[in-house]
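Student: I would like to look closely at one part of this model, starting from the way its pieces are named. Could you take me through it slowly and show me how the pieces connect?

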Amino acid sequence: MNVALGVGGGIAAYKAAELARALMRHGFTVSTVMTKSACEFVTPLTFAALTGRKVITDLFGNRSADEILSSSVEHIEVAQQNEILLVAPATADLLAKFAHGLADDFLSTLYLAFRGQVILAPAMNTNMWEHPATAANVATLKARGHRFIGPDAGDLACGTVGAGRLVEPELIADAVAACAGRKMDLDGETFVITAGPTQEPIDPVRYITNRSSGKMGYAIAEAAVARGARVILVSGPVQIAAPLGVEVVRVRTAAEMRDAVMANLEAATIVVKSAAVADYHIANVPDKKIKKTAARVTLDLDPTVDILAEVGAKKGDRLLIGFAAETNDMVAEARRKMQVKKADMIVGNFVNAAGTGFGSDLNEVTLVMSTGETVPVERATKKDIAHKILDHALRLRLALHSAR
Ligand code: PMT
C-alpha cells in the first residue's frame, strides 16, 4: 500500500525520518512531501535515501516554466497514487491550512486534491495545541472523518512539559498499519466500551478482583478506532497500553464503571461491555485494615450494580453488546443474559478453556444474537475476533433496523 508522508516544519520533523523507516518495515511504499520549513529541520536527502524515492518539497520546484507546463500536474498524480495521506508532524499551521482549504504549497495543495484516508499526527507547543483556534481546526478536521494520532503529553522539545508531543514513530506506523486497507465502515459511530476487571475494596489494603487483563476490550477498541469510530474506553486497572486515538476513562470499582458508562451513554451509538465487572462488593468498607488474628474472617458481600442491565433498560436506538464468561452451558447462558438484560448480542466465551479467555492473546467465542442467530467464531487472536464481532454487529444492526 502507498502512503504519502507529509512532513511539517516543526522540531519533531526529525522523527519523521524514523517514521518513514517504520512505515517501510510495515511494507508501505512511502512518498515524502515536505513543507519548506520542514526542510529547515531535516534535509530532503534524508528521506530520499531512506525511501529510495524522490522527495517533493514545493509546488513548482526549481523547474522551468516549460517543464512545469509540460509535466502532468504532480500533486494530482501523488494524490491518485497513494491510499493514505499521513501528515507527521502536523503543525498548527498545517492543521489551519487543511481546515480552511488553503493551498499555498505542495502539501496543502495535495491535501485538497486527496480523496483517500487522511491521518494526522500533531506536534506543537502545549499552548499552541490548547489554543481555541487549533482546537476549532482539529474539530473541523475530525468532523471530516480524518483520524488523529496523538499528540502525546510529556517533555517537549521547547523545554516545556504538556500535551503536544509527537507520538512515537513506531506507534504511529502500527496505527497506520492497523487501519490500512480497512474499510472505514465505522466512521461516524461512537463506541462506549468497557474492559478489564474491577477492584472491590475489602479494607484500605485489600480488594476483590479477577483475572481480566483487558485485552479483549482493548482489541475491540483498537479495531473500532481503526475503522473510523470515536471510541470511549472505560477501563478497569490493567497493565496494557490503550490503543492510540481512544479516549480512556480509568475506573476501579463497579460503581465507578457504572457512573462512567452512564456519563457517556448519551454520545454512544454502540455499547460493548467486555469488562469483567465484579458481581459482589463490600457495601461498607472499613476505614482500618482488618487485623490478622487466629479467628476466621467472614466477608459480608452485596451484589454490585448490573451495568449491562441498566444500559439495556435505557438502550434506545443504540446497539448493545454484552459478554458472557462461562465455564459450562455457555450458549444457553449467553442467550439467557441477552434476553434478561435486553442486549442485542452476547459474546459468549469459556473462561476455563486452555489458551483462551482471561489474559490470553487468543479467544474462541460464540455470538448469540437477538435475531436468533448463533455464530461460532473459531479460535483466533483477540484482535481478529474483535473485527469479527464488529462485522457481525454492523450486520445485526442492519437486520434489526430492516425488521422494524
Ligand atoms: O480481559 P481479558 O483478559 O482479555 O479476558 C476477556 C474476558 C474473558 C474478560 C471477556 O472475554 C469476557 O468474557 N468479559 C465478560 C466477563 C464477565 O463479567 O462476564 P459475566 O458473564 O460475569 O457478565 C455478563 C455481562 O454483564 C458482561 O458483559 C459484563 O460486562 C456485564 N456485567 C456484569 C456484572 C455487572 N455488575 N455489570 C455488568 O455490566
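Tutor: We need one definition before we start: helices (H or I, at least four residues) and strands (E, at least two) are DSSP runs, numbered from the N terminus. Please also keep in mind that this is a predicted model. With that naming in hand, we can begin at the end of a helix, where H6 is followed by Gly101, a residue whose phi is positive, near 70°. Helix H6 itself covers residues 92-100, and its buried residues are Ala92, Leu94, Leu95, Lys97, Phe98 and Ala99. What covers these buried residues includes both strands and helices, among them strand E3 (84-90), helix H7 (106-113), strand E4 (117-122) and helix H9 (132-143).

From there we can turn to the open sheet, which is formed by 8 strands in the order E12-E11-E8-E13-E16-E17-E18-E19, with mixed pairing. Strand E12 (247-250) and strand E19 (374-381) stand at the edges with a single partner strand each, so one side of each has no neighbour in the sheet. From one strand to the next, the twist averages 20°. As background, strands of a sheet pair through backbone hydrogen bonds, either parallel or antiparallel.

Let us follow part of that order and stop at a few pairs. Strand E8 (residues 190-195) runs parallel to strand E11 (residues 230-235), and the two are joined over 6 bridges; in E11, Arg230 is the bridge partner of Thr190. Strand E13 (residues 270-273) also pairs in the parallel sense with E16, here over 4 bridges, and Lys273 stands opposite Gly322 in E16. On to the next strand in the order, E16 and strand E17 (residues 345-350) pair in the parallel sense over 6 bridges, with Ile346 of E17 as the bridge partner of Gly322. Strand E16 (residues 319-326) has 7 of its 8 residues buried, so it is largely enclosed by the rest of the structure. The chain path from E16 to E17 involves a helix as well, for E16, helix H14 (residues 330-341) and E17 make a right-handed β-α-β unit.

The helices can be read in a similar way, by asking how their axes lie. The axes of helix H1 (residues 13-25) and helix H10 (residues 169-179) come within 8 Å and cross at roughly 40°, and these helices are therefore oblique to each other. H1 passes H10 in a right-handed crossing, and the residues in contact include Leu19, Ala22 and Leu23 of H1 together with Ile172, Ala173 and Val176 of H10. H1 also packs with H3 at an angle of about 10°, their axes being 10 Å apart, which means that H1 is roughly parallel to H3. Here the contact involves, among others, Ala17, Ala20 and Met24 of H1 and Phe47 and Leu50 of H3.

Helix H3 leads us to a last residue, Val55, which is found in the loop between helix H3 (44-51) and helix H4 (65-70). Val55 has 15% relative accessibility and buried means under 20%, so this loop residue counts as buried. Leaving aside residues up to four places away in sequence, Val55 touches Thr32, Met34, Pro44, Phe47 and Ala48. Phe47 thus appears in two places, touching Val55 and taking part in the contact between H1 and H3.

Note on methods:
Residues numbered from 1 in each chain as written. Predicted model: local features only at pLDDT ≥ 70, side-chain atom pairs only at ≥ 80, totals over all residues. Heavy atoms only, no water. Buried < 20%, exposed > 50% of the residue type's maximum accessible area, 1.4 Å probe, protein only. Contact = heavy atoms within 4.5 Å. Pairing = 2+ DSSP bridges. Axes fitted to C-alpha atoms, helices over the stretch in contact; angles between N-to-C directions. Right-handed = clockwise from strand over helix to strand, strands pointing away. Parallel < 35°, antiparallel > 145°, perpendicular 65-115°, else oblique. Left-handed = near helix turned anticlockwise from the far one by under 90°.
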